[in-house]
Amino acid sequence: MNFGQVITAMVTPFDQHGEIDFPATQKLIEHLIANGSDGLVVAGTTGESPTLSTDEKAELFQFTVNTVAGRIPVIAGTGSNNTRASISLTRQAEEAGVDGIMLVTPYYNKPSQEGMFQHFEAIAQSTTLPVMLYNIPGRSAVNLSPETIIRLSKIDNIVSVKEASGDLDAAAEIIEKTPTAFSVYSGDDSLTLPMLSIGGTGIVSVSAHIIGNDMQDMVTSFKTGDVKKAAAIHRRLLPTMKALFAAPNPTPVKAALNLTGIRVGGVRLPMIPLTEEETSALRKSLPDLHSEAVTN
């Protein structure tokens with residue numbers, strides 16, 4: 001399964017009452033397709049999955065599939081720390097017509113490596129969809145080891161991993177010891193270029209909401225041999241990437257989208273809006289790239 005090289009972990013737009021704003025979601029999807037996104041992850045961390053109900057997730061999967069209409073892959077975030085619940089949601093996602101699923105490492109209950117292997121194996125065996133694993137120890141409190149990822153890569157429909165541990169040595173080991181067709185994506189925007197340099201496929205990005213075309217240019221430049229240009233783009237984009245993570249994700253990127261005229265509303269508790277000071281700092285990181293769009 002080719003998911004593309006710049007995949008956007010899409011925010012979930014909310015209206016003034018905190019409900020999913022589907023008209024805004026449609027506009028956001030069109031914006032992302034037009035601005036560098038090869039694929040979309042729906043109802044991941046950036047989509048505020050912890051505060052979405054199962055019914056909301058299923059409705060969001062179906063709406064996104066219908067809106068995208070086959071133009072780019074749609075990857076549903078169906079992972080949780082409950083194997084049975086993940087299997088059930090995966091089946092709903094498959095019925096909705098998504099192109100793949102993303103499974104985060106089980107959080108809070110801190111399973112062993114063998115427990116995580118059996119968790120992912122059970123979900124993969126419940127579906128015909130391609131599976132992208134998602135390793136993010138900073139949020140889940142468990143690290144999926146390279147050895148376990150390599151073992152999981154031998155399961156036919158486990159085809160990819162979003163590696164957000166920040167450990168490039170671990171990523172290199174995974175790339176070296178998994179099948180050629182197995183793809184490794186950076187889960188950290190600022191590590192996109194370093195990940196490419198060791199053989200990674202691309203990025204599952206938050207920043208691509210704002211700088212998607214620039215990130216596409218960076219990845220394509222690197223892959224076509226213009227490493228100097230790719231490095232220059234990386235250095236130019238780094239301040240914006242950092243600004244988009246200056247507060248807990250997805251609060252800054254939602255604020256940035258609103259500032260640039262892509263209305264996605266606010267966040268649900270326990271996430272809170274940016275302060276005036278944080279908003280001002282964020283605004284200052286945007287004009288050089290989007291001076292014509294940034295609101296005053």
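This report describes a predicted model, moving from its barrel of strands to the surroundings of selected side chains.

Residues are numbered from 1 along each chain as its sequence is written, and side-chain values use heavy atoms, with hydrogens and water left out. Because the model is predicted, local features need pLDDT of at least 70 and side-chain atom pairs count only at pLDDT 80 or more, while totals for chains, interfaces and linings use all residues.

## The barrel

Eight strands close into a barrel in the order 1-2-3-4-5-6-7-8, with parallel pairing. On average, neighbouring strands of this sheet are turned by 25° against each other, direction ignored (axes are lines fitted to C-alpha atoms, for helices over the stretch in contact, and angles run from 0 to 180 degrees between N-to-C directions). Helices (H or I, at least four residues) and strands (E, at least two) are DSSP runs numbered from the N terminus, and two strands pair if DSSP finds at least two bridges between them. The table lists parallel pairs from strand 3 onwards, each with one pair of opposing residues.

| Strand pair | Bridges | Residues opposite each other |
|---|---|---|
| Strand 3 and strand 4 | three bridges | Gly77 and Met102 |
| Strand 4 and strand 5 | four bridges | Met102 and Met132 |
| Strand 5 and strand 6 | five bridges | Met132 and Ser160 |
| Strand 6 and strand 7 | four bridges | Val161 and Val184 |
| Strand 7 and strand 8 | two bridges | Ser186 and Ile203 |

Met102 thus appears opposite Gly77 of strand 3 and is also the bridge partner of Met132 in strand 5, while Met132 in turn has Ser160 of strand 6 as a bridge partner.

Several links between these strands run through helices. From strand 4 the chain crosses through helix 4 (residues 113-125) to strand 5, and this β-α-β crossover is right-handed, a term used if, with the strands pointing away from the viewer, the path from the first strand over the helix to the second runs clockwise. A right-handed β-α-β unit is also made by strand 6, helix 7 (residues 168-177) and strand 7, and another by strand 7, helix 8 and strand 8.

How many residues of strand 5 are buried? Five of the five residues in strand 5 (residues 131-135) are buried, so this strand is largely enclosed by the rest of the structure (buried means under 20% relative accessible area, exposed over 50%, and partly exposed in between, with a 1.4 Å probe and protein chains only). Both of its faces are covered, with Val131, Leu133 and Asn135 on one side and Met132 and Tyr134 on the other. Strand 7 (residues 183-186) likewise has both faces covered, by the buried Ser183 and Tyr185 on one side and the buried Val184 and Ser186 on the other.

## Aromatic rings

A search of the whole structure finds one aromatic pair, where rings of Phe, Tyr and Trp (its six-membered ring) pair if their centres lie within 6.5 Å, and planes under 30 degrees apart count as stacked, over 60 as edge-to-face and the rest as tilted. The rings of Phe22 and Phe63 have centres 5.0 Å apart and planes at 55°, so the pair is tilted. It joins distant parts of the chain, since Phe22 belongs to helix 1 (residues 22-34) and Phe63 to helix 2 (residues 54-68), 41 residues apart. Phe22 counts as buried at 17% relative accessibility, whereas Phe63, at 22%, is partly exposed.

Elsewhere, the charged end of Arg151 sits over the ring of Phe117, 3.6 Å from its centre; the criterion is NZ of Lys or CZ of Arg within 6 Å of the ring centre and within 35 degrees of the ring normal.

## Three buried side chains

Contacts here mean heavy atoms within 4.5 Å, and the lists leave aside residues up to four places away in sequence.

Ile20 lies in the loop between strand 1 (6-9) and helix 1 and is buried, with a relative accessible area of 11%. Among the residues it touches are Thr12, Leu52, Glu56, Leu60 and Arg268. The C-alpha atoms of Ile20 and Glu56 are separated by 7.9 Å, although these residues are 36 residues apart along the chain.

His119, in helix 4, counts as buried at 5% relative accessibility and is in contact with Ser80, Asn82, Thr83, Ser86, Val104 and Pro106.

Leu193 lies in helix 8 (residues 192-197) and is buried at 11% relative accessibility, touching Met218, Phe222, Ala230, Ala231 and His234.
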